[in-house]
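Subject: Structure handover

Hi,

Here is the structure for you to look over. My notes follow below it.

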Amino acid sequence: MGDIYRGLAQAIHLIVTGDPELTQITLLSLKVTGIALLFSTLVGVPLGSFMGLRRFFGRHLVIVLLYTGMGFPPVVVGLFVYLMLSRAGPMGFLGWLFTPNAMIISQIIISFPLVAGFTMAAVMGVDPNLRQQVLSLGATQWQATLAVLREARVGVIVSIIAGFGSIISEVGSVMLVGGNIQGSTRVLTTAIVLETRKGNFDLAIALGLIVLGLSFIANALMLKLQGRTFHD
């Protein structure tokens, strides 16, 4: 237990003093995860809304593909992206393998189905008569869609939380396509694995505390966006 306490104390010291390596790893993690989540949200929320509101040929197939994507093992996603970006792959000319760009792509593939799928489920859970009522009052198609999204906002927010949670704590895919290169592609989760293997428990614990802190902050912000308070 003494080793755990000492490691925790040293970890807190690293965080408080702003250890350069810890700061660099954290900033890169936020950059990669932020860009991936932004893209997944900008595309996933409209797609999920469209899937929930419209009926078209092939819709069931698209839904099956979305639900399948929600269950993709991250390491399989990493393997797919690795093969696509390798020199022999169809996107090898980009030279993105073992760069943050490759990590962003893998995280988009992981989070996008979750954002789109949960958004679709939230929109489908709204009373179908609402859209017709809004249209009958003279609203445009776009205004009616916004009205449905407003009713489904809690589910949409949950979809974004799920997307964030799926990638901020992900290890396998980013390690495969990023290579865990110090100063270049080392993020919070991959650094935890490496530092634990090296016996640097103080840095590993500090990284773990940051991951937990980011998750807490994200959930607190989402609750705020829902208009709730911690007294509810």
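Helix α4 has twelve residues. From first C-alpha to last, α4 reaches 16 Å, close to the 16 Å expected at 1.5 Å a residue. Keep in mind that this is a predicted model.

Which residues of α4 are buried? They are Val77, Gly78, Val81 and Leu85. They cover an arc of only 100° around the axis, so they sit on the same side of α4. The partners that these buried residues pack against are α5 (100–124) and α9 (172–178).

α4 also takes part in a nonpolar surface patch. The helix spans residues 74–85 and gives the patch its largest share, five residues. The full membership is Val75, Val76, Leu79, Tyr82, Leu83, Phe98, Leu176 and Ile181. Together they have about 650 Å² of accessible area. Take Val76, which is found in α4. Its relative accessibility is 43%, and because partly exposed covers the range between 20% and 50%, Val76 falls in that class.

Next, α5. Gln107 lies in this helix. Is Gln107 buried or exposed? Its relative accessible area is 4%, so Gln107 counts as buried. Setting aside neighbours within four places in sequence, Gln107 is in contact with Val32, Thr33, Ala36, Ile167 and Val174.

Now α3, residues 59–70. Leu66 has its place there. With 6% relative accessibility, Leu66 is buried, because the cut-off for that class is under 20%. Which residues does Leu66 touch, leaving aside its neighbours within four places in sequence? The contacts are Phe112, Pro113, Ala116 and Gly117. There is also a distance to note for Leu114. Leu66 and Leu114 are 48 residues apart in sequence, yet 7.9 Å apart in space, C-alpha to C-alpha.

On charges, the count comes to one salt bridge. It joins the side chains of Glu195 and Lys198, at 3.7 Å from N to O. Both residues belong to helix α10 (residues 188–198). They are three residues apart, which means a separation of about one helical turn. How do the two ends of the bridge compare in exposure? Glu195 has a relative accessible area of 1%, so it is buried. Lys198 is at 51% relative accessibility, so it counts as exposed. The cut-off for exposed is over 50%.

Last, the chain as a whole:

- Secondary structure: eleven helices and zero strands. Read along the sequence, the pattern is α-α-α-α-α-α-α-α-α-α-α.
- Extent: the C-alpha atoms fill a box of roughly 65 × 55 × 25 Å, taken along the principal axes.
- Burial: 40% of the 232 residues count as buried.
- Contacts: of those with a separation of 6 or more, 72% come from residues 24 or more positions apart.
- Surface: the chain exposes about 12,800 Å², and carbon and sulfur atoms supply 69% of that.

Two spots are good places to start in the viewer. One is α4, with its buried residues on the same side and five of its residues in the nonpolar patch. The other is the bridge in α10, between Glu195 and Lys198.

Best regards

Methods: Residues numbered from 1 in each chain as written. Predicted model: local features only at pLDDT ≥ 70, side-chain atom pairs only at ≥ 80, totals over all residues. Heavy atoms only, no water. Patch = residues over 30% accessible without salt bridge, like charges linked within 9 Å, V, L, I, M, F, W, Y side chains within 5 Å. Areas by Shrake-Rupley, 256 points an atom, 1.4 Å probe, with all protein chains shown as cover. Salt bridge = Lys/Arg side-chain N within 4 Å of Asp/Glu carboxyl O. Helix = DSSP H or I, 4+ residues; strand = E, 2+ residues; numbered from the N terminus. Buried < 20%, exposed > 50% of the residue type's maximum accessible area, 1.4 Å probe, protein only. Expected span 1.5 Å × (residues − 1). Arc of directions from axis to C-beta. Contact = heavy atoms within 4.5 Å.
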